[in-house]
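Reader: I am new to this structure and would like a close look at one part of it. Please begin with a pair of side chains and then place that pair in the wider model.

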Amino acid sequence: MAEADNTKQESRIFEPPASLVQQATISGMPAYQALCQEAERDYEGFWGRLANETLEWHKPFTKVLDESKAPFYQWFNDGELNVSYNCLDRNLKNGNADKAAILFEADGGEVTRVTYRDLYERVCRLANGLKSLGIKKGDRVVIYMPMSVEGIAAMQACARIGATHSVVFGGFSAKSLQERINDAGAVAVITADEQQRGGKQLPLKAIVDEAISLGGCESIRNVIVYRRTGGNIGFTEGRDLWLHELVANQPTDCEPEWVNAEHPLFILYTSGSTGKPKGVQHSSGGYLLWTALTMKWTFDIKPQDIFWCTADIGWVTGHSYITYGPLAVGATQIVFEGIPTYPNAGRFWDMIARHKATIFYTAPTAIRSLIKAADADANVHPSKYDLSSLRILGSVGEPINPEAWMWYYRNVGQERCPIVDTFWQTETGGHMITPLPGATPMVPGSCTLPLPGIMAAIVDETGHDLPNGQGGILVVKRPWPSMIRTIWNDPERFKKSYFPEEFGGKLYLAGDGAIRNKDTGYFTITGRIDDVLNVSGHRMGTMEIESALVAHPLVAEAAVVGKPDETTGEAICAFVVLKRARPSGDEAKQIAKELRDWVAKEIGPIAKPKELRFGDNLPKTRSGKIMRRLLRVLAKGEEITQDISTLENPAILDQLKQAQ
Ligand code: PRX
């Protein structure tokens, strides 16, 4: 460790261990710089070379990047491949048939070892089953599944037959599920009877039934149910089928459907600035290339590694670093059904020790909550477990504060393991800005430098470059293979959201602010610049939560802002005006509870406001615009020192100071 330059919050620099540098795929900064220079010199040649080396093409591409329909960029567009073939068949050919693809650990601790051959057969049988139902290339299939081998197999089976999947996180409500089924026009839902988490059974199939009963899901022909818990569920004759019955007599081979590189592999809904989630559409070729390549570059994956990404397949991290990336490079990975605190908060450390995990990738929120737990109970402190198998740690989804970084580095990585703080988004498909474990000197809290070929920069409101040391808007200057292709059903929104005219229509706008260190050029993400919150690494639109609140019969108006939270990064704080007099005391508490439960029902429990405050009105300008910047200050519990001359009703501020 050396004292060094002047990143605002942090000045410590941690060099990657020499032993890791020596054997790393990208070994040392000169190797990193050489790749960056190759991309600068010949952008298309660089990506073309990597696409040929990393993937197996059924029909080779002749053109790397087609910019003629920009910003609807196309990559490797006359090439053909199949994603599932690249993840499974290729491993059977390469001598990995008996290698473990997945070490599945159930909530209760039971472990199942699934080899590449097993997984191939499961995927083929399900793919044949889907085909037997008439599901074909281009159809959309919604997957609403628990963390399971079946969930991964369902995604891979869709990819095998060219169906576009849309995974909906198992924590979303019936209404959220219904909206996504409807927007995607899905022909089938693959789900489970229930999910098993933290010793509890939680419904899935019942929520699918409810979603369909809400209407607008007429495109659904079948609901396929994986029996996980054996819990009681309803069955609709002619529509519902058991997964085990569907696959029972299916052949264990299924010829892959060769698709164009641009064929939509999946749609994944994520929150934006409006009330309506965006269906982020990803490609087949470019997406798979980047998930595979970042497994090699960011995680330095090697044949003997045991990789563990703790994300859920319902989020992009689970797509890229569970279902696709690890399988595309023939890795062995741990897949975990449960939660980090069951049966106790030592579960992650215990699992690392038992499975001898070598690469561990999790979210800052999980780390922060495990720090708290370890402080409270020494028995679940990482030092109580044998973590000597670990060689690389990763962080994803939200900024990691330097204190959490240091704890992770010292206590989990034992000062031996580099931490890759990976900045990326649902829209980017894979990592964008991150340290490389065998090259980049690390600074706690900084995601350091863009990966080779990723032209990240910081600009001002007019799209002009800013010098290092000056905070601004994070953009990407050139298209890259795994980027979002469009918003499903809404190409105009795609253009407006990501390639706005104010920036000449050519810069990809990430939606985050960032600053580069004066001396090192390292990036630090300063947070979203739009109305998107990040709660426990889950992305949520303030408008979505506001729409849910105002849909309640009692609510006249609502404004939602984020406030800093020690564990979850940000917490949701809602300011609510009722149609009736402002409640107080017990009544206020009771209505606040009712509204929280309502939001859970409308969107999902992750969107429940942590804090709810009632007012006779909201702070507004004379033209009636809600002054959110004041609400943010109130939410933080700070005094308002800002200019309030445009505020029409200053008296309201006092009322809104108190939480219920
Ligand atoms: O604000 C950034 C934050 O998470 C947002 C993307 O969220 P989502 O699309 O749900 O994808 C999360 C998993 C990739 C970003 O716009 N974010 C993600 N990673 C980091 C981060 N903020 C700071 N540091 C990170 N490493």
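What kind of contact do the side chains of R49 and E53 meet in, and how many Å is it from N to O?

Author: The model is a predicted one, and the contact between R49 and E53 is a salt bridge, with 3.1 Å from N to O. Side chains of opposite charge can pair when their charged atoms come close. Both R49 and E53 belong to helix α3, which runs over residues 43-54. Four residues separate R49 from E53 along the chain, and that is about one turn of the helix. In total, the structure holds 42 salt bridges.

The records give this part of the chain a name. UniProt, in an unreviewed entry, lists residues 32-87 as "domain: Acetyl-coenzyme A synthetase N-terminal". Helix makes up 48% of the span 32-87 and strand 11%. From the C-alpha atom at one end of residues 32-87 to the one at the other end is 27 Å.

Further along the chain there is a cis peptide bond, between A70 and P71, where omega is about 5 degrees. P71 sits in a loop, with β3 (65-66) on one side and β4 (74-75) on the other.

The next annotation concerns another stretch. The unreviewed UniProt entry gives residues 95-480 as "domain: AMP-dependent synthetase/ligase". Here helix accounts for 30% and strand for 22%, and the end C-alpha atoms of residues 95-480 are 32 Å apart. Y342 and P343 are joined by a cis peptide bond, with omega near 0 degrees. P343 is in the loop that links β19 (332-336) to α12 (347-355). The loop between α12 and β20 (359-362) holds K356. K356 is not a glycine, yet its phi is positive, near 55 degrees.

The domain assignment of the protein chain lists domain 1 as 458-521 and domain 2 as 530-656. The centres of domain 1 and domain 2, taken over C-alpha atoms, lie 29 Å apart.

That leaves the ligand. Around the ligand are 16 residues, and those that come nearest are D421, T426, D512, R528 and R539. Five residues of the shell are nonpolar, six are polar and five are charged. The strands β22 (419-422) and β27 (523-528) each contribute at least two residues to this shell. Three contacts can be described atom by atom. The side chain of R539 places an N or O atom 2.6 Å from an oxygen atom of the ligand. For R528, a polar side-chain atom is 2.8 Å from a ligand oxygen atom. P399 uses its backbone instead: one of its backbone N or O atoms is 3.5 Å from a nitrogen atom of the ligand. Taken alone, the ligand would expose 550 Å², and the protein buries 95% of that area.

Conventions
Residues are numbered from 1 along each chain as its sequence is written. This is a predicted model: local features need pLDDT of at least 70, side-chain atom pairs count only at pLDDT 80 or more; totals for chains, interfaces and linings use all residues. Side-chain values use heavy atoms; hydrogens and water are left out. Domain bounds come from an automatic or database domain assignment. UniProt positions are given in the numbering used here, feature names are shortened, and annotations may be inferred rather than shown by experiment. A residue is near a molecule or strand if one of its heavy atoms lies within 4 Å of it. A polar contact is a pair of N or O atoms within 3.5 Å; within protein, one must be able to donate a hydrogen and the other to accept it, and residues adjacent in sequence count only if both atoms are side-chain atoms. Accessible areas come from the Shrake-Rupley method with a 1.4 Å probe; for residues, only the protein chains shown count as cover. Ala, Val, Leu, Ile, Met, Phe, Trp, Tyr, Cys and Pro count as nonpolar, Asp, Glu, Lys and Arg as charged, and the others, Gly among them, as polar. A salt bridge is a side-chain nitrogen of Lys or Arg within 4 Å of a carboxyl oxygen of Asp or Glu.
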